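I opened this entry to keep a record of what I looked up. I go from one strand residue to the whole chain, then to single sites.

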Amino acid sequence: MDTLCSIIGYKGKQSAAPILVDSLKKMEYRGYDSVGVAMIDNGGGMMVRKGTGKVQEVNKNLNISDMSGSIGIGHTRWATHGGVTDSNAHPHSACSKDIAVVHNGIIENYRELKEELTKAGHVFSSQTDSEVIAHLLESNIGKGVKAALMETCKRLKGTYGFVAVFQDGTIAGARFEEPLIIGVANDGYFVSSDVLGFLQYTDKAIFLDNCDIAVIDNKKLEIFNFDGLPVARPITQVAWELGEIDKGKYAHYTLKEINDQRVTVANAARQDEQAMERFCQTIKEAGSVYITGSGTSYHAALLFKHMLARFAKIRAETVMSSEAHDGLASVDEGSVIIAISQSGETADVLESVKIAKKQGAKVLGIVNVVTSSLARISDVFLSTNCGPEIGVAATKSFTGQLALAYAVTDRLSGGKLKAGEGAEFVNAIEKVISTSQPVIEKMAEGMKEVNDIYLLGRSIHYPIALEGALKLKELSYVHAEGVAAGELKHGPLALMEKNTLVILLAPQDATYADSISNAHEIKARGATVIGISDAKDEVYDHWIQIPHMDQEAFYPIVEVIPLQMLSYYMALAKNADPDYPRNLAKSVTVK
Ligand code: AGP
């Protein structure tokens, strides 16, 4: 019922429908199971077209781009529970059909609101939580649009960014714990959950704060808070390059983004001097250091912790953002929390930052989207500088996070890591990408019937074993498990038998000898072993070669590349769409 989606509104002089469709395509990575648009047509009537499927498909079936009018709202949906049906697709209309709403977030008290509204005579047409917003606005519209929004926001519990369109041509939006941004163009306004929704039309953005309401009527844009008091929000110029999201010559965004890593890792390693200094100084002054993130970003946190301990002798605690309530219990005024997030909008990450902040901690952000909520609430943030990552599976943002973790560690350790601008790993990544594609593609084809894969890594390779397993799961729908290689004998060895497939991370570093022993133990039980290493060994059934690294600590950023490629090609071998894995969304802005 709840949704996690992209929202867009437009009111201007252009024909709105093609703009809305275009914007929804750009933001589709945020959620992609249904699409819909509500327009005030040229005759002044409200028209809604919506259905299940991707933007292109729904547009083709319902001719959304042909709808007339210059005022409208649009939505792509990703349902976390509740059916993917035409009626659950947004926009949702009020009974009178004079108001339509698109929403991103979760309305936690929707059941009681729905009951109350139903008793008052409202008729609901969907099973979503979002529809209550349309009916609440309708019950208060007699007091005017502004008052209707204020009254509605006062009644809602949960998280939301929503945009409503009214029969008189007004569009309005409100936000609480979900992003909402206004695009200011020469001849109109946009209201969106993401700057990508309007960046091709304007680079001028107003980032609404929490508890802001914006109303755009025929005269002007007005922004006020939930109490109705006017608030001033500056116009920010956002970087045009954020809008470059073309697949170019690649079949999929995921493949493009894997290839992008040849340059993006260097961009991440190169940081603004002043921000870097402030970032590191904050860590140096901290009594305790916590690092948090979700999914892939959490795996980056795990490696960051190893680096800080090994080279800078700084002890850090890693906390999975979704487990922050207990994990951050000991945070105090002397603490610093380093929050890692590609999108900077992940609800679990923002929640953990909030918890830490409340307990007095300083916040350091590592983000890819520099306009994100995390960037904005951080005391200092650094950017991974990877450019937009559209594929749902994080690839270049992960290696960007690692490159940045190396750069920070290097500075904190007085240059012990010898990271420089990352030349050694930049070259190695280039080599892996340009040489291993044929062997990995062939391997993936042969692995498409496999049901279970175990990825083994010790020490700094364990986070990569976890990350490789996550990539295989989300892209190629295979059960994959990252195992700390030393733990094999404490249990997982029982699973090793003839049909088991094991991928071993075994570069020639301090872990090498133990990892090769593990490979022999596995082979002795009849399992198949794929070795990812700079050295060939007869124990491997298959070998994926990576370059030798003088700095052992750089192996993780290199060895993850073949795992990304394997996951991508396995997805293709299994006819899965690597850019849009089933049931997942790029930014998980709900808890
Ligand atoms: C990664 O491939 C996943 N799509 C997912 O685990 C992701 O890393 C996680 O949701 C965190 O996202 P963030 O980095 O934008 O916070």
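I count as strands the DSSP runs of E that hold at least two residues, and I number them from the N terminus. The model I am reading is a predicted one.

**Entry: Ser 6**

I looked up Ser 6 under that definition. Ser 6 belongs to strand β1, which covers residues 6-12. Is Ser 6 buried or exposed? The relative accessibility of Ser 6 is 0%, so I log it as buried. I then asked which side chain makes a polar contact with that of Ser 6. The partner is Thr 76, at 2.5 Å.

**Entry: the whole chain**

I stepped back to the overall fold. I find 16 helices and 24 strands in the chain. The radius of gyration is 25 Å, and the globule rule gives 25 Å for 591 residues, so the chain is as compact as a globular protein of that length. Along the principal axes, the C-alpha trace spans about 75 × 50 × 45 Å.

I checked burial next. Of the 591 residues in the chain, 61% are buried. The exposed surface of the chain comes to about 22300 Å². Carbon and sulfur atoms supply 49% of that area.

I looked at contacts too. Among those with a separation of 6 or more, 71% join residues 24 or more positions apart.

Then I turned to charge. I have 59 positive and 72 negative side chains on record. How far apart do the centres of the two sets lie? They lie 1 Å apart.

**Entry: Ala 535**

I moved on to Ala 535. It sits in the loop between β23 (528-533) and β24 (542-545). Its relative accessible area is 11%; the cut-off for buried is under 20%, so Ala 535 counts as buried. I asked what Ala 535 touches, setting aside neighbours within four places in sequence. The contacts are Gln 508, Tyr 512, Tyr 540 and Trp 543. I also took a C-alpha separation: Ala 535 and Gln 545 are ten residues apart along the chain and 7.2 Å apart in space.

**Entry: Asp 326**

I looked up Asp 326 in helix α9, residues 324-327. Its relative accessibility is 67%, so I note Asp 326 as exposed. I paired Asp 326 with Glu 28, which is 298 residues away along the chain. Their C-alpha atoms are separated by 34 Å.

**Entry: backbone geometry**

I noted the general expectation before listing exceptions. Most residues other than glycine have a negative phi, and most peptide bonds are trans.

Which form does the peptide bond from His 90 to Pro 91 take, cis or trans? I find it cis, with omega near 0°. Pro 91 is in the loop between β4 (71-77) and β5 (92-93).

I then checked phi at Lys 418. It is positive, about 55°, although Lys 418 is not a glycine. Lys 418 lies in the loop between α12 (396-412) and α13 (423-446). Its relative accessibility is 67%, over the 50% cut-off, so Lys 418 counts as exposed.

I found a positive phi at Asn 575 as well, about 60°, and Asn 575 is not a glycine either. Asn 575 is in the segment after α16 (555-573). With 75% relative accessibility, Asn 575 goes down as exposed.

**Entry: Gly 420**

I returned to the loop between α12 and α13, where Gly 420 is found. Gly 420 has 55% relative accessibility, so I mark it as exposed. How far is the C-alpha atom of Gly 420 from that of Ala 269? I read 8.1 Å, for two residues 151 apart along the chain.

Terms used. Residues numbered from 1 in each chain as written. Predicted model: local features only at pLDDT ≥ 70, side-chain atom pairs only at ≥ 80, totals over all residues. Heavy atoms only, no water. Helix = DSSP H or I, 4+ residues; strand = E, 2+ residues; numbered from the N terminus. Rg over C-alpha atoms; globule rule 2.2 N^0.38 Å. Buried < 20%, exposed > 50% of the residue type's maximum accessible area, 1.4 Å probe, protein only. Contact = heavy atoms within 4.5 Å. Areas by Shrake-Rupley, 256 points an atom, 1.4 Å probe, with all protein chains shown as cover. Lys, Arg positive; Asp, Glu negative; His and termini not counted. Charge placed at Lys NZ, Arg CZ, Asp CG, Glu CD. Polar contact = N/O pair within 3.5 Å; in protein donor to acceptor, adjacent residues only side chain to side chain.
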